[in-house]
Amino acid sequence: MRGRAGGLLISILLLLTVRTPADALKGYPGEALLVPARAGETRARFLGHEFFRVILAGRPYFPVAVPLSARPGTFTLEIEGRRSRRLTLRILPKTYPVERLTLPRRMVTFPPEILARVRRELALLRGTLAVNRGGICRWKEPFELPVRGRVSSPFGLRRILNGEPRSPHGGVDFAVPAGTPVRSAQEGRVVLTGEFYLPGRVVILDHGCGVYTYYAHLSRILVRRGEAVRRGEVIGLSGASGRATGPHLHFGLYLSGVKVDPVSFVKLIQYLTGEEKR
């Protein structure tokens, strides 16, 4: 995994620093790019989503997400400011692995009352993760991964449960023992906690400019809604709450409501700031 992630980071960085005559960028479905911002630029628009400027290590960027559902092709990235500009972003094809699982029927097919609860909870989670108040954010330190552990289910994994295709995996699962401390990936504010049918005990942190991290299947939640947290602060303990076949941490990262590979995003920021740790 380390070699694959390192190659991905290097290729993204090259795309951001090597300018072509057409200002072309390249990206993959489910990945994020950090596009350098110029003076006076305030926001970027791509495939119907807005992305606002962040200051990282003293330099301004737009964190732009390529949706996992995006098809290969050439698209326009619009950047607004005193002098607006349009960049070409080419989405390249990418194949994610497939996992076939056989689970108890009750974990796959829900009775009407449970299905109604699941839909309500998913609407709340998605609505929370899609809020973007804009502005300019300053991150004093890079992001870090919330736990150390083996990745048991990577981002984008195509799951087939009992022979039926399901939505691609929207985060990364770390196989860690129950009770492992889970740390905040970045300073931020707790915007949602609770116990849900599918993801179990959940914490969502708002890091500003529409950037959120999501921690699920916790055994304990150690923070409260509205609380400010520091990077590296313990916010909960890993577990197997919700629909889970064993203890692990599900870690997700969202940009303006678009889920992206959190490991690639964390490593990209660490690379840019010279603090790549894992």
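## Salt bridges, ring pairs and pockets

At a relative accessibility of 31%, Glu78 counts as partly exposed (under 20% relative accessible area is buried, over 50% exposed and anything in between partly exposed, with a 1.4 Å probe and protein chains only). The model is predicted, so local features need a pLDDT of at least 70 and side-chain atom pairs a pLDDT of 80 or more, while totals for chains, interfaces and linings take in all residues. Residues are numbered from 1 along each chain as its sequence is written, and side-chain values rest on heavy atoms, with hydrogens and water left out.

Glu78 has a salt-bridge partner in Arg86, with N and O 3.0 Å apart (a salt bridge puts a side-chain nitrogen of Lys or Arg within 4 Å of a carboxyl oxygen of Asp or Glu). Arg86 itself is exposed, at 58% relative accessible area. In total, the structure has 15 salt bridges. Another of them pairs Arg45 with Glu50, this time at 2.6 Å from N to O. Both partners are partly exposed: Arg45 has a relative accessible area of 31%, and Glu50 comes in at 26%.

A third salt bridge reaches across the sequence. Here Arg231 meets Glu141, and their closest N and O atoms are 3.2 Å apart. Arg231 belongs to the loop between β19 (228-229) and β20 (234-238), and Glu141 to the loop between β10 (137-139) and β11 (150-153), so the bridge ties together parts that lie 90 residues apart in sequence (helices are DSSP runs of H or I with at least four residues, strands are E runs of at least two, and numbering starts at the N terminus). The arginine of this pair, Arg231, counts as buried at 18%, whereas Glu141 is partly exposed at 37%. Elsewhere, salt bridges with shared partners join up: Arg43, Arg45, Glu50 and Glu80 make one network, which brings the Arg45–Glu50 bridge back into the picture.

Aromatic rings come next, with seven pairs in the structure (rings of Phe, Tyr and Trp, the last by its six-membered ring, pair when their centres lie within 6.5 Å; planes under 30 degrees apart are stacked, over 60 edge-to-face, and the rest tilted). Tyr96 and Phe155 make an edge-to-face pair, 6.2 Å from centre to centre and with 75° between the planes. This pair links distant parts of the chain, 59 residues apart: Tyr96 lies in the loop between β8 (85-91) and β9 (98-101), and Phe155 in the loop between β11 and β12 (158-161). Both rings are tucked away, since Tyr96 is buried at 6% relative accessibility and Phe155 is buried at 3%.

In Tyr215 and Phe251, the ring centres are 5.5 Å apart and the planes meet at 35°, so this pair is tilted. It joins two strands, with Tyr215 in β18 (residues 211-221) and Phe251 in β21 (residues 249-255), 36 residues apart. Tyr215 is buried with a relative accessible area of 0%, and Phe251 is buried with 0% as well. Three more aromatic residues, Trp139, Phe143 and Phe265, form one cluster.

On to the pockets. The largest pocket holds about 1200 Å³ of space (a pocket is an open set of points on a 1 Å grid over the protein atoms alone where a 1.4 Å probe fits, with protein on both sides within 12 Å along at least five of seven lines, and lining residues have an atom within 4 Å of a point; points join across faces, edges and corners, and volume is the space filled by probe spheres set on them). Its lining counts 39 residues, and Arg159, His169, Leu198, Arg243 and His250 lie nearest the centre. Elements giving two or more residues to this lining are β9, α2 (112-130), β11, β12, β14 (172-175), β18 and β21. Helix α2 gives the most, with six residues.

The second largest pocket has a volume of about 280 Å³. Of its 20 lining residues, Arg133, Arg189, Val191, Asp206 and Tyr212 are closest to the centre. At least two residues each come from α2, β10 and β16 (188-196), and β16 gives the most, with five. Helix α2 thus turns up in the lining of the second largest pocket as well as in that of the largest.
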